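Take a walk through the model below, strand by strand and then domain by domain. Keep the backbone in view as you read.

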Amino acid sequence: MAAAETYPDDLKYHQEHDWARVDGDEATLGITWFAQDALGELVHFEPPQEGSEVTKDSSYGEVESVKAVSEVIAPLSGEVVEVNRKVVDEPEIVNDDPYGDGWLVRIRLADSGEADSLLDAEAYKQLLAEQ
Amino acid sequence: MQTLERTPLHGRHVELGARLVPFAGWEMPVQYEGVIAEHRAVRTDCGVFDVSHMGELEVEGPRAAELLQDLLSNDLDRVDVGEAQYTLLTNERGGIVDDLIVYKLDPYHFLLIVNAANTRADYEWLKERELRGSDVRDVSSEYALLAVQGPRSIERLGLPDAKPFTFAEGELGGVECMVNRTGYTGERGVELLVEADDAVRLWDVVLERGARPCGLGARDTLRLEVCYPLHGNDITPETDAISAGLGWVCALDKQFTGVEELRRIKEAGPSRRLAAFVMVDKAIPRAGMAIAEGGEVTSGSLSPMLDVGIGMGYVEASGAAPDSELTIDVRGRSRKARVVKKPIYKRDD
C-alpha cells in the first residue's frame, strides 16, 4: 500500500524533493513522498557505487517508474558508505515507506555545515504549496 | 498554447482520481491507481480503457471498396460484412502513414478506426485520393470508444461468444453500441463504439459489471508485452512494413500504394528488422536509446508480468534472430539484452 503524505520534522529537505537524515558525520538520503507520488510505483533504482563521492545538488542515481525516469539529487556531499540493497531488489519499498525502509543510500558527510542550507519540513511544505 | 481535447468521459476520469496527461492533443488518463495493477487486471480479469481519442473515418459509396483496396495494404476483398481487418495505410516509399482497423459495415460502407495523432493526416490522405463515388468523412467527434479487455471481459459484460475481428450491433444495460471483437492488449475483449452522448452511461454499465478502469500507461505496457507496434514509435512513415514484421498484413499480390517498394524490400530482404528483446542486465530500455550493435530502441518499458525490462527496436537483420545479444546504451551505461521471439509475453496455458 502506498504511504500517506507526510514530511517528518526530523528530516532536512532539498528543493529537488530529496531528504537527508543527519546523524553525526553521516547522513541517510532518500526521496520525499511528493517525489515518489509524482513518479508512481517505482520499478527500478540505479544506485551509485559504494565508495563513490556524491556532490550536493548533483545526481547520484536514478529512480524509474513504468513511465518515467528521474535523477536523484544529493541534498548533501559525501562518500557513499552503503546502498540500500533491499530497494535495489524491491524498489516499490520506496512507495510504501519513503522515509523508513525506502531510504536509498547512506553517506559519510564531506562538510557537516552543508546541512544548514537545506529546508526544514515547514519550509519544504511551503515550497510544495507554492508549486 | 494549444488547448487539449477532452473525451466525453473526462469528468468520470477526474472523479476516479485519474492522473491526466497530454497525449496526441488530448487530455487522457495515464493511470488511475497504478499502471502495474491495471496491467495485471487486464491479464487476469477485465479492464476498461477510454480510447475515445482514437479517430473514426467513414468511407462510403459505390467505389468505397475500390478506393480502400488501392490505399490499404491488406486484402480488403477477404473481408465480409460484419468482419474487420488490421491493415496499413502506406505511402509511395512503402512507409506506414498509419496502422488501423477497417470494419465492413455493408458492401459500400466502411469504418476505419485510426490512431488519434494521425486522424487528420489519414483523413486528408484519403480525401485527396477520393474517387467519384467514394465519400470520406471524419466522424470522430460523434463517437466515444471503450476498450474492455481481459480473459473475463466477455463473461463480465454478458456478451455471447464471437470470433476475433468480427463486429455486431449490440446493447449493454440499455445502451446501444457497436461491439467489435478487437483490441490492443493481446487478451480477448471488445471495443465498444458508442455515440458520444451515451458514453457516460455505457462507461457506468461497464464499471458496474466489474471492469477496472485502466489508463494509457497500462495500454502501452500491455501492447508492448505482445509486440503490437505503436505508430509514431515502432512504425512511422519512414519505416516499412516488411522491416517492421508486418508483411503478413501486406497483400503483395495486389496493387496498393508503395507495393513495388515493399516487393523489392521483401525480395532483397530488409537490412534492418524490428526485433523484440528482454533485458539480461537490470535496466529499463526506453524509446530512443542506441543499440551498440546498430539500431535504436523504439519502445521500452518494464514488463509487469515478467518483471524485467523489455523493448522493441530496429537492429541489423543479421542480429535480429532470437537469442542474439544486444547492448543497450542506458544513459551512458551498457546493458545487455537478448532478442526473443514475438510475442515477449504469452500466458502458459
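This is a predicted model. Start in chain B with strand β2, residues 26–31. Is this strand mostly covered or mostly open? It is mostly covered: five of its six residues are buried. Its partner is strand β1 of chain B, residues 19–23. The two run antiparallel, and five bridges join them. One of the pairs to look for is B:V21, whose bridge partner in β2(B) is B:M28. Together β1(B) and β2(B) make a hairpin with two residues between the strands. In the turn, B:A24 has a positive phi of about 50°.

Step back to the whole of chain B. It is divided into domain 1, residues 1–270, and domain 2, residues 271–340. How far apart are the C-alpha centres of the two domains? They lie 27 Å apart. The domains still touch: 17 residues of domain 1 of chain B are in contact with 16 residues of domain 2 of chain B. On the domain 1 side, α2 (35–44) and α7 of chain B each supply at least two of the touching residues. That side is mixed in class, with six nonpolar, six polar and five charged residues.

Now look inside. The largest nonpolar core holds 122 residues. Which of its members touch the most others? They are B:V102, B:L146, B:V148 and B:L202. The core draws at least three residues from each of the two domains of chain B, domain 1 (1–270) and domain 2 (271–340). Take B:V148 as an example. Leave aside its neighbours within four places in sequence. What remains in contact with B:V148 includes B:C46, B:V48, B:L157, B:V190, B:L192, B:V206 and B:A211. B:S153 and B:G189 are also in contact with B:V148.

Three backbone details in chain B deserve a stop. The first topic is positive phi outside glycine. B:C227 has a positive phi of about 65° although it is not a glycine. B:C227 is found in the loop between α7 (216–225) and α8 (259–268) of chain B. B:D307 also has a positive phi, of about 60°, and it is not a glycine either. B:D307 is placed in the loop between β15 (295–302) and β16 (309–316) of chain B. Which of the labels buried and exposed fits each residue? B:C227 is buried, because 21 other C-beta atoms lie within 10 Å, and the threshold for buried is 20 or more. B:D307 counts as exposed, because it has 9 C-beta neighbours inside 10 Å, and the threshold for exposed is 12 or fewer.

The other detail is a cis peptide bond. It joins B:K342 and B:P343, with omega about -5°. B:P343 lies in the segment after β18 (333–340) of chain B.

Turn to chain A. Begin with strand β1, residues 12–14, and strand β2, residues 18–23. They pair in the antiparallel sense over three bridges. A:Y13 stands opposite A:W19 in β2(A). The two strands form a hairpin with three residues between them, and A:H17 in the turn has a positive phi of about 75°.

Follow β2(A) onward. Six bridges join β2(A) to strand β3 of chain A, residues 26–31, and the two run antiparallel. A:W19 appears again here, opposite A:G30 in β3(A). This is a hairpin too, with two residues between the strands. In that hairpin A:G24 takes a positive phi near 65°.

Further along chain A, three strands form an open sheet in the order β4-β6-β7, with antiparallel pairing. Why is one side of β4 and of β7 in chain A left without a neighbour in the sheet? β4 (42–46) and β7 (69–73) stand at the edges, and each has a single partner strand, so one side of each stays unpaired in the sheet. Neighbouring strands of this sheet are turned by 25° against each other on average, direction ignored. Strand β4(A) pairs with β6 of chain A, residues 59–65, over four antiparallel bridges. Within that pairing, A:E46 stands opposite A:E62 in β6(A).

Finish where the chains meet. The contact takes eight residues from chain A and 11 residues from chain B. The side of chain A that touches chain B has three nonpolar, two polar and three charged residues.

Key:
Residues numbered from 1 in each chain as written. Chains lettered and ligands numbered in written order. Predicted model: local features only at pLDDT ≥ 70, side-chain atom pairs only at ≥ 80, totals over all residues. Domains from an automatic or database assignment. Contact = placed C-beta atoms within 7 Å. Nonpolar A, V, L, I, M, F, W, Y, C, P; charged D, E, K, R; others polar. Core = buried A, V, L, I, M, F, W, Y, C linked by C-beta atoms within 7 Å. Pairing = 2+ DSSP bridges. Axes fitted to C-alpha atoms, helices over the stretch in contact; angles between N-to-C directions.
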